[in-house]
Amino acid sequence: MTTATLSAPAWTDKKRYLWLLGIVVMGLPLYGYGLYLWTGLSLFFWTTPVIVYTLIPLFDRLIGEDESNPPDGVMAALAQEKYYRYVVYAAIPAQYLSFIGGTYLAVRGDLVWYQWLGLLVSVGMTSGLAINVGHELGHQTSKLERWLAKIALAPVMYGHFYVEHNRGHHVRVATPEDPATSRFGESFYEFLPRCVYGSIKSAWEIEKQRLEKQGKSVWSIENDNLQAWAITVALFAAMTAWLGWWALPFMIVQGAYGGSLLEVVNYLEHYGLRRQKKADGSYERCQPHHSWNSNHTATNIFLYHLQRHSDHHANPTRSFQTLRNFEGVPRLPNGYAGMIVVAYIPWLWFRVMDPKVVQHFGGDMSKANIKPSIRDRILAKYGSATA
Amino acid sequence: MKKWRCLVCDFVYDEAKGVPEEGIAPGTRWEDVPDSWTCPDCGAAKSDFVMEEID
């Protein structure tokens, strides 16, 4: 009691232990199977999608938003604390347990088709969520974390994300040149193939240029795309050797679905937003108003604050626990988990989001990133203000 | 004159060239670039740059 002073109580991170839930969600397909064994209800094979598509958006609605930021004085210490790194690392073994266990069950579990399908979606979902883990690690600069990022991306066959996200997306974000920035009027189903193809192509070009500068071939083992994809090939080959050929379609389809989950999140992160060109033809820097944000607590916990997206793009190496809410940035009406469900239904998405984009630009849609085929029509409709 | 590379996105800061459009004149040594300056391409902090041994 002798140390009592009048100073404010030390700040504590309210989310500190909640970040452990990021590990817990990686095991969802297996808990679902456990619940099935216990109750005999096949419904439990679908536990993972039910939680992600309905319970988390519901919690976002009920729990609401947390706009608080850690005080500036603790940021440096908070960023250094190893605990937060280990929480992210620990999600990877959990992810692999679900992937390996799930694939085993799919082949050897003697499942009926709706059980098998539920398991496929569940495992794909954890693989997709693992891209977020790979994302967090891929932005760090230590060798260990960069390797862990590639390992987290292997079950979802998304190794190129390691290259394209940092050196492609972060450079071209909120421009028409970025495959991972969705355009006003572009539905998720138009965006998905454009983004997948564009991202792989870009990742390949980026590594080709880097290696050529060093006088090496793009087929060099130093190509980060090839390294990351090789982990997928080795993993899938080992699983197939162990479980037989039926493991392969399961792994490929869960991976494709997992990848689509990343892309639907990409779809809503920058929808319609665009950096303006400066007089010299280059783009203005990426600023907080070039990303869609959300402070909804439930989704922020299981996506490691990914929804504080403006701060992430302004400061890409900032660790998740220190990402801040900014005032006056574009805000989504629900968390990313709820908004991906909206994105699956284009007419609903346009109805919810298009007015928000128009409002964001104060009606001057000439500043928006619009799907080229409808650009003239949109500009005619809203006028291009100064034009 | 040295070159510094952004660890996040590979942007290269060339001391000889500077970044005139951001007020950093050609010939500005890395240590004279303000600590608040960030990568023009991706926003990474000055501390996220490494020196590059090139020509």
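**Notebook: internal cavities**

I began with the walls of the largest cavity and noted which helices of chain A each supply at least two residues of its lining: helix 6 (113-138), helix 8 (161-172), helix 11 (247-269) and helix 14 (336-343). I am working from a predicted model.

I then checked the volume of this largest cavity and got about 260 Å³. I listed its lining and found 20 residues, with A:Leu261, A:Leu262, A:Val265, A:Leu303 and A:Leu306 closest to the centre. I sorted the lining of the largest cavity by class and recorded 13 nonpolar, six polar and one charged residues.

Next I looked at how many cavities of 30 Å³ or more the whole structure holds; the search gave five.

I went on to the second largest cavity, which has about 100 Å³ of space. I counted 13 residues in its lining, and those nearest the centre are A:Phe161, A:Glu164, A:Ser199, A:Glu263 and A:Asn266. I traced the lining of the second largest cavity back to chain A elements and found that helix 8, helix 9 (188-213) and helix 11 give two or more residues. I noted that helix 8 of chain A has the largest share there, with four residues. I sorted this second lining by class too and wrote down six nonpolar, five polar and two charged residues.

Last, I put the two element lists side by side. I see helix 8 and helix 11 of chain A in the list for the largest cavity, and I see helix 8 and helix 11 in the list for the second largest cavity.

Definitions and conventions:
Residues are numbered from 1 along each chain as its sequence is written. Chains are lettered from A and ligands numbered from 1 in the order in which they are written. This is a predicted model: local features need pLDDT of at least 70, side-chain atom pairs count only at pLDDT 80 or more; totals for chains, interfaces and linings use all residues. Side-chain values use heavy atoms; hydrogens and water are left out. On a 1 Å grid over the protein atoms alone, a cavity is a set of points where a 1.4 Å probe fits but cannot get out, and a pocket is an open set with protein on both sides within 12 Å along at least five of seven lines; lining residues have an atom within 4 Å of a point. Grid points are joined across faces, edges and corners, and a volume is the space filled by probe spheres set on the points. Ala, Val, Leu, Ile, Met, Phe, Trp, Tyr, Cys and Pro count as nonpolar, Asp, Glu, Lys and Arg as charged, and the others, Gly among them, as polar.
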